[in-house]
Amino acid sequence: MHESRGLGDVYKRQVTSNGQAVMSWLEASTDGSALRFAVLDGEQWDTTHTVASGGNWFVNWADFPSVVPIHGDFWVAHWLVSQPAGGYAYDIAVSVSNDAGKTWGEPTTPHNDLTPTEHGFVSIFPQRDGAGLIWLDGRNMSVAGAEHGAHGTSEGMTLRSAHITVESRLEQGQQVDGLVCDCCQTDIALADSGPVAVYRNRTEDEIRDIYFSRLLDGQWSTGQPVSSDNWKISGCPVNGPAIAAQQERLVVAWYTGAQSQSTVKLAFSNDQGDGFHPALTIDSSNPLGAVDVLLLENGDAVISWLGETADGHAQIRLQRVSPSGDRGIEHKIAATSIGKMTGFPQMVVAGQKVVWHGPIG
């Protein structure tokens, strides 16, 4: 865990009501795997806490658990549990805490389709008196453990949502999008009008651009492109978008390989997604993606991503960008290796700090 100072006030989830950052991770335990977390208290991380552990968890480099403070002492955590079918057949487990992570309730699952398919890539957000969840749901995919990105779009991945109350009661399950990319991370942010979700869509012609959907009056709007890159690819790139919001402002960051050019992009909206400004190119020198983004109070964004160095290594980079396209210094945060274990570095706010975590070396 590392810190980058002097970037101003930012808005991002995974902080407590007191503005303290929460970091969660998986580690080996006596019975298999354990989901643990710690809270940044001033300049120090407090004692490590355990949410749950188990021997049948699905542990994957791209689809990982979370611990999310929602409001006050109400927190929500999720992890993934393998199904007997094996492969990519796994379920989502969700648990709630009403004492800021000290104790956790019995886990439940937000989906009830009982199909031996993938359910994951979860994003959790505050919703009324409880929390909302969105996730990739493979219930329409007929073959358990089928390869990600396989052809046959009539049986493709869907994006679904549900609501969980402080009593762990699940309700209001609905489909957000009936055909999306198989294994790109989702993200969500809260604008004045409500939650705005971003994800990688998938058309019948295998165009896999970044879309957004808004939860309005209890219903998700039809997904619309943030920007029409027209990236045609027959398999999933495992490289999802990131979003941040502040009142009516939105900013979305993403990776694309359109026109055979690896590029990290950023787009702003001043009207909660009614319209996005033309996309800004952040890095076109063969970046790896794995983006994250924060929004500053003055409207500027802070974007992080994995770039590639001249000698073929990966590098965690960070830059401040204004809606007009003005750039701050491109910070080279840390060097890391290219490959699955590089993971997806993430940023979050803790008081006046931007706190990030990711692999080094």
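Phe37, Trp75 and Trp104 come together in one aromatic cluster. The model is a predicted one, and the count of aromatic pairs in it comes to 11.

One of these pairs is formed by Phe64 and Phe344, with 6.2 Å from centre to centre and 40° between the planes, a tilted arrangement. Phe64 sits in the loop between β6 (49–54) and β7 (66–71), while Phe344 sits in the loop between β26 (331–336) and β27 (346–350), so the pair ties together parts that are 280 residues apart in sequence. The two rings fall into separate burial classes. Phe64 has a relative accessible area of 28% and is therefore partly exposed, as buried means under 20%. Phe344, at 14% relative accessibility, counts as buried.

A further pair involves Tyr199 and Tyr211. Their ring centres are 6.4 Å apart and the planes stand at 45°, so this pair is tilted; the tilted class covers planes that are neither under 30 degrees apart nor over 60. Tyr199 belongs to strand β15 and Tyr211 to strand β16, and the pair links these distant parts of the chain, 12 residues apart. Tyr199 is buried, at 1% relative accessibility. Tyr211 is also buried, at 17%.

Between these strands lies the next residue to consider. Asn201 is found in the loop that connects β15 (194–200) with β16 (210–216). Its relative accessible area is 6%, so Asn201 counts as buried. What does Asn201 touch, leaving aside its neighbours within four places in sequence? Its contacts are Asp177, Leu179, Val180, Cys181, Ile207, Arg208, Asp209 and Tyr211. Tyr211 thus appears twice in this account, as a contact of Asn201 and as the ring partner of Tyr199.

The nonpolar cores remain. The largest one has 43 residues, and the members that touch the most others are Val76, Ile124 and Trp220. Strand β11 (residues 130–137) supplies the largest share of this core, with 5 residues. Apart from the largest core lies another, of 19 residues. Its members include Trp231, Ala242, Tyr255 and Ala258.

Note on methods. Residues numbered from 1 in each chain as written. Predicted model: local features only at pLDDT ≥ 70, side-chain atom pairs only at ≥ 80, totals over all residues. Heavy atoms only, no water. Helix = DSSP H or I, 4+ residues; strand = E, 2+ residues; numbered from the N terminus. Buried < 20%, exposed > 50% of the residue type's maximum accessible area, 1.4 Å probe, protein only. Contact = heavy atoms within 4.5 Å. Core = buried A, V, L, I, M, F, W, Y, C linked by side-chain atoms within 4.5 Å. Phe/Tyr/Trp six-rings, centres within 6.5 Å; stacked < 30°, edge-to-face > 60°.
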